[in-house]
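Colleague: I should like a close look at one part of this model, set in the context of the whole chain. Please take me through it in a connected account.

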Amino acid sequence: MLRNGLEPWHIFVVLAVVVLLFGSKKLPEMARGLGKSMRILKAETKAMREDETPADAGTAQSTAAPQPAAADRPAVTPTNVTKATEAPHTEKTV
């Protein structure tokens with residue numbers, strides 16, 4: 001029964017449900033959008049791979065600014081911030 005996973009009739013049923021749900025007019029727009037998204041994703045991953053591999057493998061240098069040591073940095077002190085909705089209410093007594 002489940003020897004191959006998807007049988008050809010499973011794919012037919014899925015395609016029929018998709019056509020019924022979205023309609024035949026909406027499907028070409030969805031396919032165009034999916035194709036455009038895939039092209040953008042492919043271009044971005046290619047750009048990321050090119051950025052990761054340096055042009056000169058032997059002379060790769062870091063362009064980041066050096067970070068000061070932990071002892072040189074001032075300690076961060078939390079500040080007390082109140083929201084406008086949490087401001088104390090003044091009650092008038094008559």
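The reply below turns to helix α1 and its surroundings, and then to the salt bridge.

Modeller: Please bear in mind that this is a predicted model. The protein chain has two helices and zero strands. Of its 94 residues, 1% count as buried. The accessible surface of the chain is about 9,800 Å², and carbon and sulfur atoms account for 62% of that area.

Helix α1 covers residues 8–22. Its length can be checked against expectation: with 15 residues at 1.5 Å a residue, α1 should span 21 Å, and the 22 Å between its end C-alpha atoms agrees with this. After α1 comes Gly-23, which has a positive phi near 85°.

The helix also contributes to a nonpolar patch on the surface. This patch, of about 750 Å², is formed by Trp-9, Phe-12, Val-13, Val-17, Leu-21, Phe-22 and Met-30. Helix α1 supplies six residues, the largest share of the patch. One of the patch members, Trp-9, lies in helix α1. With a relative accessibility of 54%, Trp-9 counts as exposed, because the cut-off for that class is over 50%.

Val-19 is likewise placed in helix α1. Its relative accessibility is 40%, and Val-19 therefore counts as partly exposed. When residues up to four places away in sequence are left out, Val-19 touches Ser-24 and Leu-27. Of these two contacts of Val-19, Leu-27 falls within the residue range of helix α2, 26–52.

Helix α2 also carries the charged pair. The structure holds one salt bridge, in which the side chains of Glu-29 and Lys-26 meet at 3.7 Å, N to O. That distance satisfies the criterion, because a salt bridge requires the side-chain nitrogen of Lys or Arg to be within 4 Å of a carboxyl oxygen of Asp or Glu. In general, side chains of opposite charge can pair when their charged atoms come close. Here the positions along the helix are relevant: Glu-29 and Lys-26 are three residues apart in α2, so about one helical turn separates them. As for their surroundings, Glu-29 is partly exposed, with a relative accessible area of 46%. Lys-26 also counts as partly exposed, at 41% relative accessibility.

To draw the account together, helix α1 gives the nonpolar patch its largest share of residues, Val-19 of α1 touches Leu-27, and the salt bridge joins Glu-29 and Lys-26 in helix α2.

Definitions and conventions:
Residues are numbered from 1 along each chain as its sequence is written. This is a predicted model: local features need pLDDT of at least 70, side-chain atom pairs count only at pLDDT 80 or more; totals for chains, interfaces and linings use all residues. Side-chain values use heavy atoms; hydrogens and water are left out. Helices (H or I, at least four residues) and strands (E, at least two) are DSSP runs, numbered from the N terminus. Buried means under 20% relative accessible area, exposed over 50%, partly exposed in between (1.4 Å probe, protein chains only). Accessible areas come from the Shrake-Rupley method with a 1.4 Å probe; for residues, only the protein chains shown count as cover. Patches are made of residues with over 30% relative accessible area and no salt bridge: like charges are joined within 9 Å, nonpolar side chains (Val, Leu, Ile, Met, Phe, Trp, Tyr) within 5 Å. The expected span of a helix is 1.5 Å times one less than its number of residues. Contact means heavy atoms within 4.5 Å.
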